[in-house]
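Welcome, and take a moment to look over the sequence and the model before reading on. We will walk through the fold together, step by step.

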Amino acid sequence: TMAASLKGGMRLLAANMRTTTLKQLAPAMSVRHFRANQPAFAEAINHHVNTPWNNADTLWDFTKENYDKINEIVKKYPPNYKRSAVMAVLFLAQKQCEQMPEHGSTGWIPLAAMNKIAKVLDMPEMRVYEVATFYTMYNRTKIGVHNIQVCTTSPCMVRGAYEIVDAVKAHLNIDVGETTEDGLFHLMEAECLGACVNAPMMQIAGPVCNDAYYEDLTAESAISIIEQLRKGETPKKGSQIGRHGSIGPQGKTGLLSEPVGIVCRDLDAC
């Protein structure tokens, strides 16, 4: 019938349109417009490899001070949910390693530390491994003493974050995710660190900087910070152009007087 023929024709037309559209889009879909770097993690594999300095028999324990901190953290959760503290305790272990020369004085979490956390929080070791391998904030192998994390999310990117990355790579002769031969510096790309208004910026973890932010960077100021660390100095944290808080480079332009307070209309007069 005419209706059946029309219906069949419409199906054929729709199929041809889909085929044409896919063929037209295929070249565009095959082009990558985003900058591609090697993984920015401290370790590119998710499985553990035993080494003489990282195995189940490695000597590792929390300090008394950190055991006290763990007790305070665990109190935030119901007794039967103390395993919920696993992320905070993993981070505590990583920070402790920054102060342990026998473990490289760098922020990472040995296998023995994960096993200790499992005992402290009364949870299976595998559950600790799952968390430690999922989040990129945890390093499961030794990295550099100073972990340079350059933010490359959109606000920092448009303000020149990749110029900072390229300058650091060239200066240290390493790529993203690598550590210098002397073990002093490790380079990572980081997702948004929440200092967008002072972009570009980087965070440096380690026993000297202790996760400090360095903002309003240029390639030159970033390298200057690295060289201060190499000399054993403590770089000035925060804005590198003298900015106060998040006030623009031109200075304060608004809210120049004290606020007058809340003004309420007279409801009785209504």
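Leaving aside its neighbours within four places in sequence, which residues is Trp-60 in contact with? The contacts of Trp-60 are Ala-93, Gln-96, Cys-97, Met-100, His-103, Pro-110, Ala-112, Ala-113 and Lys-116. Keep in mind, as you explore, that this is a predicted model.

Trp-60 also leads us into the interior. The largest nonpolar core has 27 residues, and Trp-60 is among those with the most contacts inside it, along with Val-86, Leu-90, Ile-117 and Val-128. The elements that give two or more residues to this core are α2 (64–74), α3 (86–97), α4 (111–120) and α5. There is also a second, separate core of 21 residues, and Val-150, Tyr-162, Ile-164 and Val-165 are among its members.

Now let us step back to the whole chain. The protein chain holds eight helices and five strands. Read from the N terminus, the order of elements is α-α-α-α-α-β-α-α-β-β-β-α-β. Of the 270 residues in the chain, 38% are buried. The accessible surface comes to about 16,800 Å², and carbon and sulfur atoms account for 57% of that surface. Contacts also reach along the chain: among those between residues at least 6 apart in sequence, 65% join residues at least 24 apart.

Among the helices, α4 is a good one to visit. Seven of its 10 residues are buried, so α4 is largely enclosed by the rest of the structure. The buried residues of α4 are Leu-111, Ala-112, Ala-113, Met-114, Asn-115, Ile-117 and Ala-118. What covers them includes α3 and α5. After α4 comes Asp-122, which has a positive phi, near 55 degrees.

From the helices we move to the sheet. In what order do the five strands lie? They form an open sheet in the order β2-β1-β3-β4-β5, with mixed pairing. At the edges stand β2 and β5, each with a single partner strand, so one side of each has no neighbour in the sheet.

We can cross the sheet one pair at a time. Starting from the β2 edge, β1 and β2 pair in the parallel sense over six bridges, and His-146 has Phe-185 in β2 as its bridge partner. Next, β1 and β3 run antiparallel and are joined by four bridges; here Asn-147 is partnered by Ala-205 in β3. Strands β3 (residues 202–205) and β4 (residues 212–215) are also antiparallel, with three bridges between them, and Met-202 stands opposite Tyr-214 in β4. The hairpin of β3 and β4 has six residues between the strands, and in it Gly-206 takes a positive phi near 145 degrees. Finally, β4 runs parallel to β5 (residues 238–239), joined to it by two bridges, and Gly-238 in β5 is the bridge partner of Tyr-214.

Although β2 is at an edge of the sheet, is it buried or exposed? Six of the six residues of β2 (residues 185–190) are buried, so this strand is largely enclosed by the rest of the structure. In a regular strand the side chains alternate between the two faces of the sheet. In β2, Phe-185, Leu-187 and Glu-189 point one way, while His-186, Met-188 and Ala-190 point the other way, and all are buried.

Another residue worth a look is Glu-215, which sits in strand β4. With a relative accessibility of 12%, Glu-215 counts as buried. Not counting residues up to four places away in sequence, Glu-215 touches Ala-195, Asn-198, Pro-200, Met-201, Gly-238, Ser-239 and Gln-240. One of these, Met-201, is 14 residues from Glu-215 along the chain, with 4.3 Å between their C-alpha atoms.

Our last stop is the surface. Which residues form a nonpolar patch there? They are Met-87, Phe-91, Phe-134, Tyr-135 and Met-137, with about 470 Å² of accessible area together. Tyr-135 belongs to the loop between α5 (125–134) and β1 (146–151), and is partly exposed, with a relative accessible area of 35%. Thr-136 lies in the loop between α5 and β1 as well, and is partly exposed at 42% relative accessible area. Thr-136 also links back to the sheet strand we visited: Thr-136 and Ala-190 are 54 residues apart in sequence and 9.2 Å apart in space, C-alpha to C-alpha.

Methods:
Residues numbered from 1 in each chain as written. Predicted model: local features only at pLDDT ≥ 70, side-chain atom pairs only at ≥ 80, totals over all residues. Heavy atoms only, no water. Patch = residues over 30% accessible without salt bridge, like charges linked within 9 Å, V, L, I, M, F, W, Y side chains within 5 Å. Areas by Shrake-Rupley, 256 points an atom, 1.4 Å probe, with all protein chains shown as cover. Salt bridge = Lys/Arg side-chain N within 4 Å of Asp/Glu carboxyl O. Buried < 20%, exposed > 50% of the residue type's maximum accessible area, 1.4 Å probe, protein only. Pairing = 2+ DSSP bridges. Core = buried A, V, L, I, M, F, W, Y, C linked by side-chain atoms within 4.5 Å. Contact = heavy atoms within 4.5 Å.
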